[in-house]
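Work through these exercises with the sequence and the coordinates open. Try each task before reading its solution.

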Amino acid sequence: MMERLDKFLAAQGKGTRKEVGRLIRSGAVAVDGVPVRDPAAKVDPSCQTVAVGGSPILWQEHLYIMMNKPAGVLSATEDRRQKTVLDLLPEDLRRRGLFPAGRLDKDTTGLLLITDDGDLAHRMLSPKKHVYKLYQARLDAPVTPEDVRAFEEGVRWGEEVYAPARLWAGEGDPFVAFAQVHEGRFHQVKRMFQARGKTVLSLKRLKIGGLSLDSTLQEGECRLLAPEEVCQILR
Ligand code: URA
């Protein structure tokens with residue numbers, strides 16, 4: 001969210017509006033490494049680094065955690081009987097209000113965003129925003145050109161029509177499919193393949209918008225996102 005630089009610094013405890021105004025005009029404040037001398041300049045602290053006297057301000061209104069979700073855990077905040085993705089968070093990342101933004105099925109693995117930023121989750125999940133999610137599926141039959149065309153046109157499942165999606169086969173292995181969809185409907189990818197007479201044997205999410213799963217994260221592991229990675233989600 002864009003806000004005035006002086007207001008941001010005052011809210012971060014760097015002085016009164018007048019004091020931070022003086023500080024900014026003196027040239028001591030830099031945004032992404034560039035000195036900014038205008039107290040009314042707009043900054044987005046969620047994806048820009050503001051530094052005073054060379055020291056970056058560690059600003060975090062919200063937490064954004066990337067998890068490589070393992071199979072067998074629920075994308076939910078709590079469950080009386082079954083383990084949820086929040087149970088997998090290390091102690092230092094636990095915080096009130098965290099939730100998985102966009103669910104994966106219990107048996108689906110891969111990129112899951114856990115945050116306490118309801119606004120970002122809303123923008124990421126709204127079908128109108130067209131934030132694409134990329135999935136890798138292992139199928140019981142090879143991807144055909146007819147499947148690709150059907151995905152492009154919008155797959156039908158009973159009464160339902162899914163929005164057009166991109167589909168391509170893995171290089172050298174047509175049983176591996178890559179599907180890019182922007183809706184997030186219940187069992188969507190599995191149903192789209194089912195509508196084509198195919199069964200998804202395993203499913204992994206690789207990407208949300210411009211954000212890719214960190215390939216160094218083992219299943220069940222997570223890490224905080226850097227500010228610029230948060231911005232990549234909606235890109
Ligand atoms: N589509 C599915 O069918 N399952 C998921 O977990 C995600 C997308």
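**Exercise 1. Place D32 and judge its backbone.**

Solution. Start with the location. D32 sits in the loop that links strand 2 (29-31) to strand 3 (34-35). Bear in mind that the model is predicted. Next, read the backbone angle. Phi of D32 is near 50°, a positive value in a residue other than glycine. Compare this with the general rule. Most residues other than glycine have a negative phi. Last, check the exposure. The relative accessible area of D32 is 44%, so the residue is partly exposed, as the range for that class runs from 20% to 50%.

**Exercise 2. Repeat the analysis for H187, then follow the chain to the end of helix 5.**

Solution. H187 belongs to the loop between strand 14 and helix 5. Its phi is also positive: near 50°, in a residue other than glycine. With a relative accessible area of 27%, H187 is partly exposed. Now go past the helix. G197 follows helix 5 and has a positive phi, near 80°.

**Exercise 3. Which residues of helix 5 are buried, and what covers them?**

Solution. First, list the buried residues of helix 5: Q188, V189, K190, M192 and F193. Note that Q188 and K190 are on this list. Then look at the cover. It includes strand 10, helix 4, strand 13 (166-170), strand 14 and strand 15.

**Exercise 4. Divide the protein into domains and describe it overall.**

Solution. Take the domains first. Domain 1 covers 3-56, domain 2 covers 64-126 + 211-232, and domain 3 covers 132-208. Domain 2 is therefore written as two segments. Then take the distance between centres. Over C-alpha atoms, the centres of domain 1 and domain 2 are 32 Å apart.

Now the whole protein. The C-alpha trace spans about 70 × 40 × 35 Å along its principal axes. There are 6 helices and 17 strands. Of the 235 residues, 45% count as buried. The exposed area is about 12,800 Å², and carbon and sulfur atoms supply 49% of it. For contacts between residues at least 6 apart in sequence, 62% join residues at least 24 apart.

Finish with charge. The protein has 36 positive and 32 negative side chains. The centres of these two sets lie 4 Å apart.

**Exercise 5. Where does the largest nonpolar core lie relative to the domains?**

Solution. Begin with the members. The largest nonpolar core has 31 residues. I65, L89, I114, F151 and F193 touch the most other members.

Next, map the core onto elements. Those giving two or more residues are strand 7 (64-69), strand 9 (109-115), strand 10 (133-139), helix 4 (145-153), strand 14 (173-181), helix 5 (188-195) and strand 15 (200-208).

Now compare with the domain bounds. Domain 2 and domain 3 both give residues to this core, so it lies between them. As a general background, nonpolar side chains in soluble globular proteins tend to be buried together.

Zoom in on one member. Beyond four places in sequence, F151 is in contact with A163, P164, A165, R166, L167, A179, M192, F193 and R196. A separate core of 16 residues lies apart from the largest one, with L113, V131, L211 and L217 among its members.

**Exercise 6. Is L217 buried or exposed, and what does it touch?**

Solution. L217 is in the loop between strand 16 (211-212) and strand 17 (222-224). Its relative accessible area is 9%, so L217 is buried; the cut-off is under 20%. Its contacts, leaving aside neighbours within four places, are M66, N68, C222 and R223. For scale, L217 and A150 are 67 residues apart in sequence and 34 Å apart, C-alpha to C-alpha.

**Exercise 7. Contrast E171 with E160.**

Solution. E171 lies in the loop between strand 13 and strand 14. At 84% relative accessibility, E171 counts as exposed. E160 lies in strand 12 (residues 160-161). E160 is partly exposed, at 30%. Not counting residues up to four places away, E160 touches V155 and R185.

Close with two distances. E171 and D6 are 165 residues apart along the chain, with C-alpha atoms separated by 52 Å. E160 and D119 are 41 residues apart in sequence and 28 Å apart in space, C-alpha to C-alpha.

Key
Residues numbered from 1 in each chain as written. Heavy atoms only, no water. Helix = DSSP H or I, 4+ residues; strand = E, 2+ residues; numbered from the N terminus. Buried < 20%, exposed > 50% of the residue type's maximum accessible area, 1.4 Å probe, protein only. Contact = heavy atoms within 4.5 Å. Areas by Shrake-Rupley, 256 points an atom, 1.4 Å probe, with all protein chains shown as cover. Lys, Arg positive; Asp, Glu negative; His and termini not counted. Charge placed at Lys NZ, Arg CZ, Asp CG, Glu CD. Core = buried A, V, L, I, M, F, W, Y, C linked by side-chain atoms within 4.5 Å.
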